[in-house]
Amino acid sequence: ERLLLARKPESPKTASPKLAYIITMGEEAKKSGLKLLDELRKEAIACDMDHENKSLKGAMRSANDAKAGYVLIIGEDELKKDTVALKDMASGEQKEIQRNDLITELKKE
């Protein structure tokens, strides 16, 4: 116990990156979300996905429990516009990002 108390806290450089949590609404969105999950992992971006098809509120609760830094929401509207709704869990700010710009945006954060 004393060793755990005596250790130095992690510096920002060694802290784990913010988790991106993907929430999808509908079957087509789920397919797109799985592709996005694969793309993010290939880019070494920490990510997970709601695999239980929960409601948006339930999935947001799961993202919060997972201590996600960002939530990526994909629904019918986002599929039509080729965008992703990106919500910053710390600030509550949500914005729409073009799918092609998402990886660049997450790496900036």
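The following paragraphs describe a predicted model, beginning with its sheet and helices and then turning to its charged residues and backbone angles.

The sheet provides the frame of reference. It is open and consists of five strands in the order E2-E1-E3-E4-E5, with mixed pairing. Strand E2 and strand E5 (94-98) form the edges, each pairing on one side only. From one strand to the next, the twist averages 25°. Strands of a sheet pair through backbone hydrogen bonds, in either a parallel or an antiparallel manner. In this sheet, strand E1 (residues 19-24) and strand E3 (residues 68-74) run parallel and are joined by six bridges. Within this pairing, Ile-22 is placed opposite Leu-72 of E3. Helix H3 packs on the sheet, where it touches E1, E3 and E4, and its direction makes about 165° with that of E1. Helix H2 lies across E1, E2, E3 and strand E4 (83-88), and runs at about 160° to E2.

Helix H2 also carries several of the charged residues of interest. A search of the whole structure finds eight salt bridges, and two of them can be followed along this helix. One is formed by Lys-31 and Glu-28, with the closest N and O atoms 3.5 Å apart. These two residues are three residues apart in helix H2 (residues 27-42), so about one helical turn separates them. Lys-31 is partly exposed, because its relative accessibility is 47%, whereas Glu-28 is exposed, with a relative accessible area of 52%. The other joins the side chains of Lys-42 and Asp-38, at an N to O distance of 3.2 Å. Here the spacing in helix H2 is four residues, which again means a separation of about one helical turn. Lys-42 is exposed at a relative accessible area of 66%, while Asp-38, at 41% relative accessibility, is partly exposed.

A further salt bridge is found in helix H5 (residues 102-108), where Glu-105 and Lys-108 lie three residues apart, about one turn of the helix. Their side chains meet at 3.4 Å, N to O. The two partners differ in their surroundings: Glu-105 is buried, with 11% relative accessibility, but Lys-108 is exposed, with a relative accessible area of 61%. This pair belongs to a network of salt bridges that also links Lys-95.

Other charged residues are buried without a salt bridge. Which side chain of opposite charge is nearest to the buried Asp-50? It is Lys-54, but at 5.1 Å away, and Asp-50 has no salt bridge. The distance explains the absence, because a salt bridge requires the nitrogen and the carboxyl oxygen to be within 4 Å. Asp-50 lies in the loop between strand E2 (47-49) and helix H3 (56-65). Its side chain does reach Lys-54 by another route, coming to 3.2 Å from the backbone nitrogen of that residue. Leaving aside neighbours within four places in sequence, Asp-50 is in contact with Tyr-21, Ile-22, Lys-30 and Ala-59.

Lys-30, one of those contacts of Asp-50, is found in helix H2. Lys-30 is likewise buried and has no salt bridge; the nearest side chain of opposite charge, that of Glu-27, is 6.4 Å away. Not counting residues up to four places away in sequence, Lys-30 touches Thr-24, Met-49, Asp-50, His-51 and Asn-53.

Two loop residues deserve attention for their backbone conformation. Most residues other than glycine have a negative phi. Lys-67, although not a glycine, has a positive phi of about 60°. Lys-67 is found in the loop between H3 and E3 and is exposed, at 70% relative accessibility. Asp-82 also has a positive phi, near 55°. Its position is the loop between helix H4 (76-81) and E4, where Asp-82 is partly exposed, with a relative accessible area of 38%.

Methods:
Residues are numbered from 1 along each chain as its sequence is written. This is a predicted model: local features need pLDDT of at least 70, side-chain atom pairs count only at pLDDT 80 or more; totals for chains, interfaces and linings use all residues. Side-chain values use heavy atoms; hydrogens and water are left out. Buried means under 20% relative accessible area, exposed over 50%, partly exposed in between (1.4 Å probe, protein chains only). Lys and Arg count as positive and Asp and Glu as negative; His and the chain ends are not counted. A polar contact is a pair of N or O atoms within 3.5 Å; within protein, one must be able to donate a hydrogen and the other to accept it, and residues adjacent in sequence count only if both atoms are side-chain atoms. Contact means heavy atoms within 4.5 Å. Two strands pair if DSSP finds at least two bridges between them. Axes are lines fitted to C-alpha atoms, for helices over the stretch in contact, and angles run from 0 to 180 degrees between N-to-C directions.
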